[in-house]
Amino acid sequence: MTNNQEIMKMKSVISGVSVSLLCLLSGCERSGSESYQRPPTHPGREALAAFFTADVPSETVTVGELLQDPPEGGVVTVEGKIGGTPTPFGDGYAVFFLADESLVFCNEMGDDHCPTPWDACCEDPDKASRNRILVQFSDETGEIVAGTVKGVNDLREMDRVVIRGKVLPAAGGGVVMDVMSLSRISGPPSPAL
Amino acid sequence: MLPFSYATRNLLRDPAKLLQKVGGAVLVVFLVVAAMSFDRGMTGVLGGSGSSRNVILVGSGSEDSVERSQVSPQVETLAAAGIRGIVDPLGRPAVSGEVHYMGQLEFADYPAAQALLRGVSPDVFGVHRKVQITEGRFPRSGEVLVGRLAYRALNVPQEALRVGEEIVFEGQTFVVSGILAAPGTVMESEVWMDRNDLMTLTQRDTLSCVVVRMRDEDGFAASDLFTKQRFDLELTALRESDYYAGLSHFFGPIRSMVWVTAFLIAAGAIFGGLNLLYAAFASRIREMATLQAIGFSRPGLFVSILQESLLVAFLGTLLAIWLALALFDGRTVDFSLGIFQLSIDGTAAMGGIVSWFSLGVIGSIPPALRCLGSSLPVALRS
């Protein structure tokens with residue numbers, strides 16, 4: 001083997017060791033790194049999708065109007081937007097908060113930096129709590145359906161929806177609606193100019 | 001291939017240079033081990049403080065800090081009745097209403113110090129399963145239960161917090177009734193007292209939080225449903241593990257600064273070491289060329305250089321780990337949430353070993369390039 005060949009072979013050995021070391025270090029997974037996990041499918045998601053309808057009722061009341069005089073046990077059709085709290089959707093149970101249109105979400109104020117614009121954090125907290133109702137999806141036995149309704153038929157925070165359902169009394173005051181049907185009107189509103 | 005004894009003999013050729021090279025390796029490995037120990041200690045105590053089966057009910061808007069939260073005392077009873085899936089050992093629901101307060105404690109013979117005070121009832125042990133009373137008993141009114149490491153958080157001798165000793169809070173004297181242990185959690189640096197005492201002295205009529213223990217990790221959904229159904233109570237449900245994970249994230253910049261500092265110092269040591277090696281092997285170019293001339297291959301010579309470098313780094317690693325064990329293994333570090341211990345565990349030691357191997361390999365490259373990079377005739381004439 002000539003000198004040049006030996007030099008090249010030696011350099012290639014050094015290069016190989018260096019590259020191997022770099023690969024070893026770069027291949028180490030940082031602790032706490034997250035890898036994509038497919039969200040689990042719940043049997044309840046199919047059941048929840050059955051509540052959705054494309055027909056939008058024409059005669060509706062707002063959340064604020066409903067809260068002024070809720071007909072306990074009666075069936076109403078109410079219109080509102082999903083939000084009014086940082087986590088409007090239930091985690092594991094099919095419930096969400098429906099807020100009155102009068103509550104101003106952060107993105108409606110032109111503030112696009114808020115990570116949770118649907119929490120209406122710029123509103124008076126008392127006003128926010130007085131202008132929202134809880135919406136729940138129950139099965140035939142009256143039990144709340146397990147599994148979040150978020151993402152079912154692409155339902156998201158700040159969506160404007162119309163809900164037809166039965167008004168139930170809420171412990172401690174307020175209103176809970178047991179959903180009979182849900183119509184999604186639109187996605188998040190445009191920010192104010 | 002050259003015999004291994006060739007590499008070992010070369011190490012002792014120049015003891016002064018050997019000491020410099022080993023010293024550089026000691027510095028680098030020591031810093032890596034220290035930074036790993038600090039990082040793991042802090043994340044470990046915050047990760048260990050929260051259970052994935054515990055759910056904290058806090059006032060809405062206070063998710064980042066339990067101390068700022070206000071929860072009605074009736075929530076304790078309502079949660080016990082309204083949340084399905086709560087553990088109930090011996091028929092008693094594992095629900096603990098607590099008051100968290102950062103207060104100043106005074107001592108007769110030592111300076112006053114801040115401590116995290118937790119107002120609890122005996123139900124607290126049904127929720128916080130890692131807590132044990134190792135000495136004494138649960139505090140009655142006028143008494144406190146101190147964590148095993150609370151004396152370090154308060155910067156007083158351990159004798160100042162023995163059972164029977166007195167401390168003063170808000171002008172009232174409290175007697176230490178017992179010592180609690182909760183290994184790997186921030187509770188070991190806390191001071192616990194009767195909940196009614198703390199509420200009276202801090203003039204509050206609300207709790208900071210209600211902690212419930214669920215039968216399994218999936219039980220969080222039931223707690224979340226309760227807070228939504230009882231939205232009049234203005235509550236938010238948090239997994240206890242998520243709460244402390246959020247706090248750990250808050251201290252992320254501090255942990256990053258530790259690593260950046262260690263890296264900068266280590267980089268200086270590495271570059272200095274590489275420079276030293278590069279210069280040291282300048283005198284051995286002709287030696288290497290002679291070995292090639294008599295038949296040893298360049299790869300074989302490179303392996304010998306690699307052996308020398310790994311040996312130097314190995315000596316430095318052994319010394320660094322010994323120093324780390326002697327200087328800070330078991331030592332405590334105080335931060336705003338409590339105390340954690342530095343520990344040279346298997347992971348930190350493995351970090352040292354990886355550093356050794358990396359140093360050894362990197363350290364072999366400059367001398368190899370210097371000695372074996374040029375052609376044989378040129379090297380023989382150098």
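In this predicted model, helix α11(B) passes helix α12(B) in a right-handed crossing. The first of the two named helices, α11, covers residues 298–328 of chain B, while α12 covers residues 346–372 of chain B, and they pack at an angle of about 145° with their axes 7 Å apart. On the side of α11(B), the residues that take part include L301(B), F302(B), I305(B), L306(B) and F314(B), and among those they meet in α12(B) are W356(B), F357(B), L359(B), V361(B) and P367(B). The residues of this contact divide into 16 nonpolar, six polar and one charged.

How far the coordinates can be trusted is the next topic. For chain B, the pLDDT averages 89, and 100% of the residues score at least 70. For chain A, the mean pLDDT is 79, and 72% of the residues reach 70 or more. Among the elements of chain A, the lowest mean pLDDT, 57, belongs to helix α1 (residues 3–27), and the highest, 96, belongs to strand β3 (residues 95–99). Over residues 25–41 of chain A the pLDDT is below 50, and this stretch has zero contacts in the model beyond near neighbours in sequence. Where pLDDT is low, the predicted coordinates should not be read in detail. For the complex, the predictor gives an ipTM of 0.72 and a pTM of 0.73.

With that caution in mind, we can turn to the layout of chain A. Chain A holds four helices and six strands, and along the sequence these elements follow the pattern α-α-β-α-β-β-α-β-β-β. Of the 193 residues in chain A, 40% are buried. The chain exposes about 10,700 Å², and carbon and sulfur atoms supply 53% of that area. If we consider the contacts in chain A between residues at least 6 apart in sequence, 67% of them join residues at least 24 apart.

A residue in strand β5 of chain A, R160(A), gives a local example of contacts between separate parts of the sequence. R160(A) and G187(A) are 27 residues apart in sequence, yet their C-alpha atoms are 6.3 Å apart in space. Leaving aside residues up to four places away in sequence, R160(A) touches E79(A), G80(A), K81(A) and E101(A), and also S183(A), R184(A), I185(A), S186(A) and G187(A). R160(A) has a relative accessible area of 24% and therefore counts as partly exposed, since the buried class ends at 20%.

A similar approach is found at V104(A), which lies in the loop between β3 and α4 of chain A. V104(A) and A120(A) are 16 residues apart in sequence, and 6.0 Å separates them in space, C-alpha to C-alpha. V104(A) is partly exposed, at 30% relative accessibility.

The loop between β4 and β5 of chain A offers several further residues to look at. One of them is T141(A), which is twelve residues along the chain from S129(A), with 30 Å between the two C-alpha atoms. T141(A) is exposed because its relative accessible area is 63%, and the exposed class begins over 50%. Also in the loop between β4 (132–136) and β5 (160–169) is N153(A), which has a positive phi of about 50° although it is not a glycine. D154(A) has its place in the loop between β4 and β5 as well, and its phi is near 65°, again a positive value in a residue other than glycine. These angles deserve attention because most residues other than glycine have a negative phi. As for their surroundings, N153(A) is partly exposed at 46% relative accessibility, and D154(A) is partly exposed at 42%.

The last stop is a residue of chain B that has contacts with chain A. D224(B) is found in helix α7 (residues 220–229) of chain B, and, not counting residues up to four places away in sequence, D224(B) touches F89(A), G90(A) and D91(A) as well as A237(B). Is D224(B) buried or exposed? With a relative accessible area of 6%, D224(B) is buried, because the limit for that class is under 20%.

Definitions and conventions. Residues numbered from 1 in each chain as written. Chains lettered and ligands numbered in written order. Predicted model: local features only at pLDDT ≥ 70, side-chain atom pairs only at ≥ 80, totals over all residues. Heavy atoms only, no water. Buried < 20%, exposed > 50% of the residue type's maximum accessible area, 1.4 Å probe, protein only. Contact = heavy atoms within 4.5 Å. Areas by Shrake-Rupley, 256 points an atom, 1.4 Å probe, with all protein chains shown as cover. Axes fitted to C-alpha atoms, helices over the stretch in contact; angles between N-to-C directions. Left-handed = near helix turned anticlockwise from the far one by under 90°. Nonpolar A, V, L, I, M, F, W, Y, C, P; charged D, E, K, R; others polar. pLDDT = per-residue confidence, 0-100.
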